Amino acid sequence: MTDELKTYLNKIHKIPDDLLEDFVSGWHHKAGERKKIITYKDSVERYLYFTTKGIQKAYYIKDDKEFIVAFTYPFAFTCIPESFLTQQPSKYSFECITESKFLRISYNTFIGFVEQNHEFETLLRKTLIG
């Protein structure tokens with residue numbers, strides 16, 4: 001699964017191999033069964049995920065109706081980005097629609113790479129802007 005992550009990262013921004021290996025070592029496996037809520041509304045998103053299997057959704061409930069704001073699929077980053085980047089409570093929930101597998105990295109580990117390495121600052125900017 002880390003090969004898919006490396007490929008994905010290098011498509012966004014080329015990172016030197018030794019630095020990329022160090023970064024990828026900070027990611028860990030996580031699984032979620034169908035209907036598993038990964039991030040609850042009003043909680044802080046502590047991880048950035050890289051989906052390797054399954055489909056997920058981000059949504060909110062208003063007037064007893066569910067409003068989906070995003071779907072995520074393999075091989076891409078996923079999380080509640082506003083909450084992850086600001087470390088403030090989420091307005092949305094993040095849930096597995098199907099059985100899912102991820103690699104994930106903690107906020108502190110991720111931000112440590114961003115603050116210490118210009119390549120990851122560029123990667124973050126390119127990921128956010130597109």
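**Group meeting: I55, strand β4 and the largest pocket**

Okay, let's start with I55, which sits in the loop linking β3 (47-53) to β4 (56-62). Keep in mind that we're looking at a predicted model here.

So, is I55 buried or exposed? Well, its relative accessibility comes out at 30%, and because buried would mean under 20% and exposed over 50%, it counts as partly exposed. I55 also belongs to a nonpolar patch on the surface, together with I68, F71 and Y73. Those four add up to about 350 Å² of accessible area.

Right after that, strand β4. On one side, β4 runs antiparallel to β5 (residues 65-72), and seven bridges join the two. They make a hairpin with two residues between the strands. If you're checking backbone angles, look at D63 in that turn: phi is positive there, about 50°.

β4 has another partner, β7 (residues 93-96), again antiparallel, with four bridges. Q56 is a handy residue for seeing both pairings. Which residues does Q56 face? In β5, T72 stands opposite Q56, and in β7 the bridge partner is C96.

Last thing, for the docking-minded among you: the pockets. The largest pocket has a volume of about 460 Å³, and 21 residues line it. Nearest its centre you'll find L48, F77, T78, C79 and P81. As for which elements give two or more residues to that lining, they're β5, β6 (76-78), α3 (81-86) and α5 (118-129). So β5 turns up twice in this talk: paired with β4 in the hairpin, and contributing to the lining of the largest pocket.

That's it from me.

Key
Residues are numbered from 1 along each chain as its sequence is written. This is a predicted model: local features need pLDDT of at least 70, side-chain atom pairs count only at pLDDT 80 or more; totals for chains, interfaces and linings use all residues. Side-chain values use heavy atoms; hydrogens and water are left out. Patches are made of residues with over 30% relative accessible area and no salt bridge: like charges are joined within 9 Å, nonpolar side chains (Val, Leu, Ile, Met, Phe, Trp, Tyr) within 5 Å. Accessible areas come from the Shrake-Rupley method with a 1.4 Å probe; for residues, only the protein chains shown count as cover. A salt bridge is a side-chain nitrogen of Lys or Arg within 4 Å of a carboxyl oxygen of Asp or Glu. Buried means under 20% relative accessible area, exposed over 50%, partly exposed in between (1.4 Å probe, protein chains only). Two strands pair if DSSP finds at least two bridges between them. On a 1 Å grid over the protein atoms alone, a cavity is a set of points where a 1.4 Å probe fits but cannot get out, and a pocket is an open set with protein on both sides within 12 Å along at least five of seven lines; lining residues have an atom within 4 Å of a point. Grid points are joined across faces, edges and corners, and a volume is the space filled by probe spheres set on the points.
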